[in-house]
Structures are given as C-alpha cells and as structure tokens.
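Here's a quick look at the pockets and one helix of this protein. Have the sequence and the model open as you read.

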Amino acid sequence: MREEWITSRKNPLLVQIRRLASSRGARRSAGMFLGDGVKLLEEALKWGAPLETVVYSEGLDGPELPPEVRTVRVPEDVMASISPMESTQGALFLCRLPEKKAYAPKPGFLLLDGIQDPGNLGTILRTADAAGFDGAIFGPGCADLYGAKTLRATMGSVFRVPVMTTENLPETLEAMKR
C-alpha cells in the first residue's frame, strides 16, 4: 500500500473533505459522504462499503485497506482542521453513497418522520439494527443520515440496515398498510 503525504490545507482533497463535512448538498452532488473514526472505518470495511479514500493523522495505524483505496497521511493540526468533530479520532474516510433503491413495501421496515436530531436518528437506526428490522424508510424532515453526528451515532449500523427515503409519507404509509 502506497501512502500519500499531504501538508497543505488548500489541497483539493482536503477542500473536498471540508465541503462534504459541512453540506448535505455537497454530499448528494459528489455522491459521497465523509466518515469519521477508526471504529466506523472498521465497520465500513467489514460490511463492504464502497470506500474511496482514507485519511489518517500521522502516527495512527488503522485497519488494512484494500489496494484500490487511496491512503493519505496528514499532520495532526491538518487533521484537526478537516475533521467534522471537535475531537478528531485521527481517521476520516470518503465513501460512495449507496444507490437509491425503489421501495417495495414489506413487513419489518421502520418508518421515520421528522427526526431532526442527528444523534437521535443514528441511535434509532442502531436500535433498529439490533432489533432485527429489515430496513428503514426516512420521511421528509429527517436529519441527514450521512452527516457526521448521525453517522457516528449509528456505530456502523448505517452499513448494515438498508435505508430508503420518501417524499410522500401518506402514500408510503398506505403502501405499507397494503
């Protein structure tokens, strides 16, 4: 595995990371999200998430990565400047967003509407995973599943529980009833 070393905060990759960390629209547009932490990275690897790039703080060793994943090292002060969290865990990763899937109503799905707190949303998804739900459907007004705080709260469940979105909650509810 060949690692790159980046020290400039103006590097295009680091600019992209900051954009992905701060904007739901940037994540949608790029088709990628930013994960934070070694534990979440390990879960992404375990469940076959489509990783693009992993950025480590100097001196931190993480899990072994597939050869196609770009690996970058940065000084700790640079990591602090790009991390979406106040206390960085020393590892960030770019992962492609999952493909949008058409919803086929079936028992075992959790329907969420208007869950605005990212920590609560992540915890609900983690609980749904532990309880054996088959998936989750996010209605309008829910926090961004791929925001940093939500991702951290899922503790990896985001890679195990199929997630879909709906803009028409009443229609989805009727389909679920049928």
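## Pockets and helix H1

The second largest pocket is lined by 17 residues, and nearest its centre lie Pro 98, Lys 101, Tyr 146, Val 158 and Phe 159. A pocket here is an open set of points on a 1 Å grid over the protein atoms alone, where a 1.4 Å probe fits, with protein on both sides within 12 Å along at least five of seven lines; lining residues have an atom within 4 Å of a point.

This is a predicted model, with local features needing pLDDT of at least 70 and side-chain atom pairs 80 or more, while totals for linings use all residues. Numbering runs from 1 along each chain, and side-chain values use heavy atoms, without hydrogens or water.

| Pocket | Volume (space filled by probe spheres set on the points) |
|---|---|
| Largest | about 600 Å³ |
| Second largest | about 350 Å³ |

Of the 22 residues lining the largest pocket, Arg 24, Arg 28, Lys 100, Tyr 146 and Thr 165 sit closest to its centre. Helix H2 (24-30) and strand E8 (163-165) each give two or more residues to that lining; helices (H or I, at least four residues) and strands (E, at least two) are DSSP runs.

Now for helix H1 (residues 12-22): its buried residues (under 20% relative accessible area, 1.4 Å probe, protein chains only) are Leu 13, Leu 14, Ile 17 and Leu 20. They fall within an arc of 120 degrees (directions from the helix axis to the C-beta atoms), so they line one face of H1. The face turned away carries Pro 12 and Ser 22, both exposed (over 50%).
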